[in-house]
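Welcome to this short tour. Open your viewer, get comfortable with rotating and zooming, and follow the stops below.

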Protein chains: 2
Amino acid sequence: MNILEKITQNKAAFSKSEKKVAEVILANPQTAIHSSIATLAKMSDVSEPTVNRFCRRLDTKGFPDFKLHLAQSLANGTPYVNRHVDENDSPDEYTNKIFESTMASLEVARQSVDVNVVNRVVDLLTQAQKISFFGLGASASVAHDALNKFFRFNVPVVYFEDILMQRMSCMNCSDGDVVVLISHTGRTKSLVEIAQIARMNDATVVGITSADSPLAQECSYVLSLEVPEDTDMYMPMASRIAQLTLIDVLATGFTLRRGNKFRENLKRVKDTLRGSRFEKRND
Amino acid sequence: MNILEKITQNKAAFSKSEKKVAEVILANPQTAIHSSIATLAKMSDVSEPTVNRFCRRLDTKGFPDFKLHLAQSLANGTPYVNRHVDENDSPDEYTNKIFESTMASLEVARQSVDVNVVNRVVDLLTQAQKISFFGLGASASVAHDALNKFFRFNVPVVYFEDILMQRMSCMNCSDGDVVVLISHTGRTKSLVEIAQIARMNDATVVGITSADSPLAQECSYVLSLEVPEDTDMYMPMASRIAQLTLIDVLATGFTLRRGNKFRENLKRVKDTLRGSRFEKRND
DNA sequence: TAAAAAATGTCAAAAAATTACATTTTTCTT
DNA sequence: AAGAAAAATGTAATTTTTTGACATTTTTTA
């Protein structure tokens, strides 16, 4: 677990002197890992044993061990903490916080993905007669994106924003059709109904949603993503990104399964777009 | 740079005893970071100063510093790099690679964002009479997502997929309107034209695109994102994610600028959705 | 094969971290 | 509000760890 996060969380439980140490470290963790216990004690204006006790309170074996943990938290690419945006953050601060917490969420999402289900779903998709992507609200744009990706594969793909169109589309499903439903909470009533309709018409229903949700229960396969959402913002943020990345994974699996010739096909699709673009200068 | 890779690379240049140390470390790096120089020396069957010299050969300040570097290389998620998906990757492998390279791209994107422009654009958006989001192809879903976010702010927001609707919408722009155009390459002809139309009608045009592109040149403000795209896949992947994250940043900046009361408003919007959802059980 | 250079080890000094204990501060009880 | 108990903090000594100086061994080269 990220020790910077841990320091922030436990801050309330620290004593006065320990708080001083915590602040010095949080203010400049990069310096902290390159300091000796004496230097850090001086910077925090406390004694050396206090620093040592601070380290042990964080369940490390001592100061050197603490530095090791800190170094890992600071390692390149290790996203910091799920840092919450604060009322008074400067543009610089909230920009970095959002990027960082998005990266952190992706890491969590990555660990929650069940690769076996991914594999199974890729199987299904490659064999599908028709693939539908549906989502509502924030998840609609994810479905929209999936359309854009899978459309390039020259497979019959369906995407509707309109809920009635979605229902009608599912009514016409048949064996061999795959319906992918996207919802972070998995509690949107209309989407759960759509899952039911699709299943009644023999389609295979894949849910990109959280486990144990009503939607998950109606699906043939569930690709569950456990993403911590910063509810203070009242907006879906990290969940969408995780869903999109999962779509990327599915699309990639799809192309790999189809093999080399298929990828040449993709290149042709991309080349077709060239006419609509300005040429890139070769400086 | 990853020190484990460095050890592997420099292996040839090491002396006999240093090689012994290298092998012990490579065989079990996790143990190495928790050992003292004495323990490691014994394990490698060399003297302590030899271990120390080994560390310095790798451009570290000494043994403790070396352990810090090693700890960082071992940190969760660090084998970062832009790992390319390979023909024969297993589902497990390509899933992890895609998540990792997406995170890596976000890190690159984060560093390329100009915070001053972000701040300026947030300014503009909060004062806009009408905000439009347009994108084509893969960027359409990003615009779609932006619609979903900004719609909650109770600001007039416009989004069209249809290129003619986009043009007409821009023809009707006036002073105080902001048009946000999204394009990874910035070379899509129709989008560049839309930028021109919008500007002719006194709208402020913000581009989320790559710097120095034809689109960038037509914009009043450019939020440039430099994202390395894995062109082998012939699909936009990381670029979208970076664009979406930037949208999140803008949306967050917007709510922060509007202050506390405004956020209560957002909560109300979210609560309105409750009726359309299944209640969450309280276990 | 001998001399030079490089590598390695021994041992002592220096630096860093930790422990034991004394002192101070805070908290709780009456 | 005073005093006792508990918690927190600091001082100083001790231990551990790392590093440096120098001697010895090994390797290289002429």
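How many nonpolar, polar and charged residues does the surface near DNA strand C have? Keep that in mind as you look around; bear in mind too that this is a predicted model.

**Stop 1: DNA strand C**

Select DNA strand C and show the protein around it. You should find 17 residues surrounding this strand, with A:I37, A:N52, A:R56, B:S15 and B:S17 the closest. Now color the strand by sugar, phosphate and base: sugar and phosphate make up 78% of the strand C atoms that come within 4 Å of the protein.

And the answer to our opening question: the surface near DNA strand C has six nonpolar, seven polar and four charged residues.

**Stop 2: the phosphates of strand C**

Stay with strand C and zoom in on its phosphate oxygens. Here are three places to click:

- A:F63, where a polar backbone atom is 3.1 Å from a phosphate oxygen.
- B:K16, which also uses a polar backbone atom, at 3.4 Å from a phosphate oxygen.
- B:T50, where a side-chain N or O atom is 2.9 Å from a phosphate oxygen.

Next, switch to a cartoon view. Two or more residues of the surface near strand C come from each of these elements: α5 (48-57) and α6 (63-74) in chain A, and α2 (16-27) and α5 (48-57) in chain B.

**Stop 3: DNA strand D**

Move over to DNA strand D. Among the 18 residues around this strand, the nearest are A:S15, A:S17, B:I37, B:N52 and B:R56. Sugar or phosphate accounts for 75% of the strand D atoms within 4 Å of the protein, and bases supply the rest.

Which atom of DNA strand D lies 3.1 Å from a polar side-chain atom of A:R53? Zoom in and you will see a base nitrogen. For phosphate oxygens, select A:S47, with a backbone N or O atom at 2.9 Å, and A:K16, with one at 3.4 Å.

In the cartoon view, α5(B) gives the most to the surface near strand D, with four residues. By class, this surface divides into six nonpolar, seven polar and five charged residues.

**Stop 4: two helices in chain A**

Finally, select α2(A), residues 16-27, together with α5(A). Their axes are 9 Å apart and cross at an angle of about 80°, so the two helices are roughly perpendicular to each other. Show side chains to see A:S17, A:E18, A:V21, A:A22 and A:I25 of α2(A) meeting A:T50, A:V51, A:R53, A:F54 and A:R57 of α5(A). This contact is made of five nonpolar, two polar and three charged residues.

Methods. Residues numbered from 1 in each chain as written. Chains lettered and ligands numbered in written order. Predicted model: local features only at pLDDT ≥ 70, side-chain atom pairs only at ≥ 80, totals over all residues. Heavy atoms only, no water. Near = heavy atom within 4 Å. Polar contact = N/O pair within 3.5 Å; in protein donor to acceptor, adjacent residues only side chain to side chain. Nonpolar A, V, L, I, M, F, W, Y, C, P; charged D, E, K, R; others polar. Axes fitted to C-alpha atoms, helices over the stretch in contact; angles between N-to-C directions. Parallel < 35°, antiparallel > 145°, perpendicular 65-115°, else oblique. Contact = heavy atoms within 4.5 Å.
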